[in-house]
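Visitor: I would love a close look at a single part of this model, namely the way one chain meets its partners. Could you walk me through that part and say how far the model can be trusted around it?

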Amino acid sequence: MSVYPYLVAAWLLGIGLYGVISSRNYLHLIMCLTVVQASTYVLLLSVGYLNGAKAPIFADIKLGSRVTDPVVQALTLTDVVVEATVVALLLALVIQAHKRYRSLDPDEMVRMRD
Amino acid sequence: MIVGLFGVALVVAGLVWAVTGLHSFGAEHSRYGYYTAHRAVPQRQTTNSVVAVAFDYRAFDTLGEEFILFISVVGVVILLRGLRGEREERPEEELVPEQRRSSESERWLGVALIAPVTILAAYIVTHGQLTPGGGFQGGVILMGAIAFVFLGGEWLILLRLRRGARWAEIADAAGAAGFAMVGFGGLIGLGAFFANFIPSGTAGSLLSGGMIPLANLAVGVEVAGATLTVLSELLDQRLLSGR
Amino acid sequence: MSALLAVELTLVAAAGLVVVMIREPARQAVALGVFGLLLALLFFSVQAPDVALSEIVVGSVALPAMLFLAIAKIGAQGARAEERAREAEEERD
């Protein structure tokens with residue numbers, strides 16, 4: 001069971017991608033993309049985890065004690081906020097597309113273009 | 001659709017094969033992470049080594065992320081503001097009935113929460129180098145505080161404050177530029193982009209970590225401005241501009 | 001790996017499944033909020049408080065706000081388009 005967190009990350013990726021390809025509503029598609037993003041966070045943080053370690057904040061623990069990896073945490077922390085803004089950009093695209101084509105269905109929009 | 005499912009299965013199978021080659025969960029630590037965690041306090045005098053990594057050791061990556069944020073917000077503004085220009089402009093008097101529609105308790109709660117949440121946001125931004133927190137989290141909380149102004153129905157005050165000024169966008173741009181300026185300060189001061197050119201101070205005090213408090217401030221201002229711009233575009237009411 | 005971590009990982013996986021399975025956007029946004037909260041709990045247990053703080057703030061403040069506003073805006077656009085279509089039809093009659 002020492003590979004379980006990585007499997008959960010792979011599961012989230014798979015289920016999110018399945019949601020994206022089987023989606024019939026662009027808003028639903030965007031939220032499934034959020035699930036895919038979450039899988040990367042889970043994978044990154046699981047790689048940095050250490051058994052019996054504490055958080056890498058030395059405000060109240062001694063220097064030199066076992067801590068988890070701060071580099072992956074720094075990556076994930078900026079990532080979380082920035083990808084929320086990218087979701088905002090996707091939402092703006094969907095709003096504009098809905099205004100032009102009056103529909104939120106990916107399949108319908110492909111047909112309308114031809 | 002079947003092809004799509006097959007593709008997803010292939011990707012997931014590849015990922016599962018890849019992660020089974022990783023070390024067992026919680027068994028080893030990476031050398032880079034270990035080294036950084038135990039050097040952050042002696043070298044930079046910050047007790048929060050995650051913020052030290054994000055804003056000092058790997059500040060260049062954070063600069064890239066900041067600009068992703070900035071560009072996405074520019075994209076949102078272009079998409080949605082062009083949209084609004086297609087319809088006729090709504091006169092400002094029409095916006096007043098919105099204020100009467102929210103209930104009394106909602107307005108009181110909104111107004112009461114503005115000050116505590118702003119102080120919380122300022123605390124989290126300025127204490128980024130000491131405790132968990134920093135510019136990113138504090139910036140979003142600051143956006144929440146200003147959104148409470150809208151919830152409290154007092155946003156007409158903001159509209160009348162400065163005609164023609166777009167606070168949120170100015171804050172966004174200023175924050176992004178400020179962060180890049182901190183990098184240039186390192187270039188001018190010590191000859192390397194994002195070198196820590198300000199003296200480090202003592203660990204545990206507020207002004208520790210050299211340029212990290214400045215970088216935190218810039219990021220906080222930027223994230224707050226960016227999320228506020230997005231929110232005001234989606235709200236379709238030009239929350240902080242005076243036009 | 002402790003039992004708490006195992007339970008939280010399972011909860012996150014189940015919540016991800018729920019988010020994908022709900023098709024109606026408004027309900028899915030609520031499920032996404034819950035998913036964000038469970039993720040934040042997981043991040044706390046993996047000893048990553050900064051990331052957990054980020055996830056809480058984004059997943060309960062920024063993301064649901066943007067999603068609900070977008071859903072409302074799309075609904076308003078749809079209603080306005082229907083109104084205009086109806087007016088055009090009435091003019092023709």
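**Chain A and its partners**

Guide: Happy to. Let us start with confidence, since this is a predicted model. In chain B, the helix with the lowest confidence is H5 (residues 96-101), with a mean pLDDT of 48, while helix H1 (residues 2-19) of chain B has the highest, at 90. Chain B as a whole averages a pLDDT of 79, and 82% of its residues score at least 70. Two stretches deserve your caution. Over residues 86-99 of chain B the pLDDT is below 50, and beyond near neighbours in sequence this stretch has three contacts in the model. Residues 237-243 of chain B also have a pLDDT below 50, but that stretch has 21 contacts beyond near neighbours in sequence. Where pLDDT is low, the predicted coordinates should not be read in detail. Chain C has a mean pLDDT of 90, and 100% of its residues reach 70 or more. For the model overall, the scores are ipTM 0.88 and pTM 0.87.

Now to chain A, beginning with its contact with chain B. This contact takes 44 residues from chain A and 48 residues from chain B. On the chain A side, H1, H2 and H3 each supply at least two residues. The largest share of that side, 17 residues, comes from H3(A). By residue type, the side of chain A that touches chain B divides into 31 nonpolar, eleven polar and two charged residues.

Turn next to the contact between chain A and chain C, which takes 41 residues from chain A and 34 residues from chain C. Here the elements of chain A that give two or more residues are helix H1 (4-21), helix H2 (26-48) and helix H3 (70-101). H3(A) gives the most to this side, with twelve residues. The side of chain A that touches chain C is made up of 27 nonpolar, eleven polar and three charged residues.

What does the partner in this second contact look like? Chain C has three helices and zero strands, and along the sequence its pattern reads α-α-α. Its radius of gyration is 20 Å, well over the 12 Å that the globule rule gives for 93 residues, so chain C is more spread out than a compact globule. Taken along the principal axes, the C-alpha atoms of chain C fill a box of roughly 70 × 25 × 10 Å. Of the 93 residues of chain C, 44% count as buried. Among contacts in chain C with a separation of 6 or more, 47% are between residues 24 or more positions apart.

For a view of the interior, go to the largest nonpolar core, which has 126 residues. Leu12(A), Leu45(A), Leu91(A) and Met66(C) touch the most other members of this core. H3(A) gives the most to the core, with 16 residues. Leu45(A) is a good place to zoom in. Leaving aside neighbours within four places in sequence, Leu45(A) is in contact with Val72(A), Gln73(A) and Thr76(A) in chain A, and with Phe43(C), Val46(C), Ala48(C) and Val51(C) in chain C.

As a contrast, look at Ala192(B), in the loop between helix H9 (167-190) and helix H10 (212-235) of chain B. Ala192(B) counts as exposed because it has 11 C-beta neighbours inside 10 Å, and the cut-off for exposed is 12 or fewer. Beyond neighbours within four places in sequence, Ala192(B) is in contact with Gly186(B) and Leu187(B).

Technical notes
Residues are numbered from 1 along each chain as its sequence is written. Chains are lettered from A and ligands numbered from 1 in the order in which they are written. This is a predicted model: local features need pLDDT of at least 70, side-chain atom pairs count only at pLDDT 80 or more; totals for chains, interfaces and linings use all residues. pLDDT is the predictor's confidence in each residue, from 0 to 100. Two residues are in contact if their C-beta atoms, placed from the backbone, lie within 7 Å. Helices (H or I, at least four residues) and strands (E, at least two) are DSSP runs, numbered from the N terminus. Ala, Val, Leu, Ile, Met, Phe, Trp, Tyr, Cys and Pro count as nonpolar, Asp, Glu, Lys and Arg as charged, and the others, Gly among them, as polar. A residue is buried if 20 or more other C-beta atoms lie within 10 Å of its own, exposed if 12 or fewer, and partly exposed in between; C-beta atoms are placed from the backbone. The radius of gyration is taken over C-alpha atoms; the globule rule is 2.2 Å times the number of residues to the power 0.38. A nonpolar core is a set of buried Ala, Val, Leu, Ile, Met, Phe, Trp, Tyr and Cys residues joined through C-beta atoms within 7 Å.
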